[in-house]
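I opened a fresh page for this model today. My plan is to go through charges, burial and empty space in turn.

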Amino acid sequence: MDERDLRILKAIADHGTGSPERITEETGIPVSTVHYRLNNLREAGVITNDLYDLDLDALGLGVTVLVEVLADYAGNHQDVAGTIAEIEGVTTLLSTMGETDFVAVAHLPDDDAVGRLLREFERVPAVERTNSTYVIETLYDDARALSSYSLASLVDALAEE
């Protein structure tokens, strides 16, 4: 995998589309090259389906860390959240109740990146303390939440009458 592959994958992630034409618009990589590289990424197992889900292990981002954040802030909750969400590697940020103010999920390439991530949290003025958990194995992770519901349940809960 090289820079062009990563640019293609980044465009998919940023724009939520696997359209070769849209990827070309975003990256400047010719459409024929995008098609060729998407096929190679599928064969390598990085792209796992037509929805362009990524296998983060195959991509090289196989280290997952959960970071509980205890914050002390006088300003806006959203400002603190925005600062944390901008930390490189953070893919999910949850606002929580109780002692923990936020839980961040980060997908990283290696142990050195874990240290860098934690140092970034320390640089956020509102962050008082963190508690980090290194994930040993992901047992279940479905990026498409609707797949865990039956159609009948979705209609009952969400359809407007």
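Is Asp2 buried, exposed or partly exposed? I looked it up: Asp2 has 34% relative accessibility and counts as partly exposed. I note here that this is a predicted model.

**Entry 1: Asp2, Asp5 and Arg37**

I started with the partner of Asp2. Asp2 forms a salt bridge with Arg37, and their closest N and O atoms are 2.7 Å apart. Asp2 sits in the segment before helix H1 (3-15) and Arg37 in helix H3 (residues 31-43), so this pair ties together parts 35 residues apart in sequence. I then checked Arg37 itself. Arg37 is buried, with a relative accessible area of 14%.

Next I turned to Asp5. Asp5 and Arg37 also meet in a salt bridge, at 2.9 Å from N to O. Here too the pair links distant parts of the chain, with Asp5 in helix H1 and Arg37 in helix H3, 32 residues apart. Asp5 counts as buried, at 10% relative accessibility. I wrote the three down together, since Asp2, Asp5 and Arg37 are linked in a network of salt bridges.

**Entry 2: the other charges**

How many salt bridges does the count come to? I get seven salt bridges. One pair I looked up is Arg123 with Glu120, whose side chains meet at 2.6 Å, N to O. Arg123 is exposed, with a relative accessible area of 55%. Glu120 is partly exposed, at 28%.

Which side chain of opposite charge is nearest to Asp101? I find Arg129, and it is 9.1 Å away. Asp101 is buried yet has no salt bridge. A salt bridge here needs nitrogen and oxygen within 4 Å. I placed Asp101 in the loop between strand E2 (90-95) and strand E3 (102-108). I also listed what Asp101 touches, leaving out residues up to four places away in sequence. Val69, Leu70, Ala71, Tyr73 and His77 are among them. Leu94, Ser95 and Thr96 are also touched by Asp101.

**Entry 3: Thr64**

I moved on to strand E1 (residues 63-71), where Thr64 is found. Thr64 counts as buried, with 11% relative accessibility. What joins the side chains of Thr64 and His107? I found a polar contact of 3.2 Å between them. Neighbours within four places in sequence aside, Thr64 is in contact with Val105, Ala106 and His107, and also with Thr133, Tyr134 and Val135.

**Entry 4: the largest pocket**

I finished with the empty space. The largest pocket holds about 1400 Å³ of space. Its lining has 38 residues. Which of these lie nearest its centre? I noted Leu54, Leu56, Leu61, Thr91 and His107. His107 came up before, as the polar partner of Thr64.

Which element gives the most to this lining? I looked it up, and H1 does, with six residues. At least two residues each come from H1, helix H4 (56-59), E2, E3 and helix H6 (111-122). I add that H1 also carries Asp5 of the charged network.

Definitions and conventions: Residues are numbered from 1 along each chain as its sequence is written. This is a predicted model: local features need pLDDT of at least 70, side-chain atom pairs count only at pLDDT 80 or more; totals for chains, interfaces and linings use all residues. Side-chain values use heavy atoms; hydrogens and water are left out. Helices (H or I, at least four residues) and strands (E, at least two) are DSSP runs, numbered from the N terminus. Buried means under 20% relative accessible area, exposed over 50%, partly exposed in between (1.4 Å probe, protein chains only). Lys and Arg count as positive and Asp and Glu as negative; His and the chain ends are not counted. Contact means heavy atoms within 4.5 Å. A polar contact is a pair of N or O atoms within 3.5 Å; within protein, one must be able to donate a hydrogen and the other to accept it, and residues adjacent in sequence count only if both atoms are side-chain atoms. On a 1 Å grid over the protein atoms alone, a cavity is a set of points where a 1.4 Å probe fits but cannot get out, and a pocket is an open set with protein on both sides within 12 Å along at least five of seven lines; lining residues have an atom within 4 Å of a point. Grid points are joined across faces, edges and corners, and a volume is the space filled by probe spheres set on the points.
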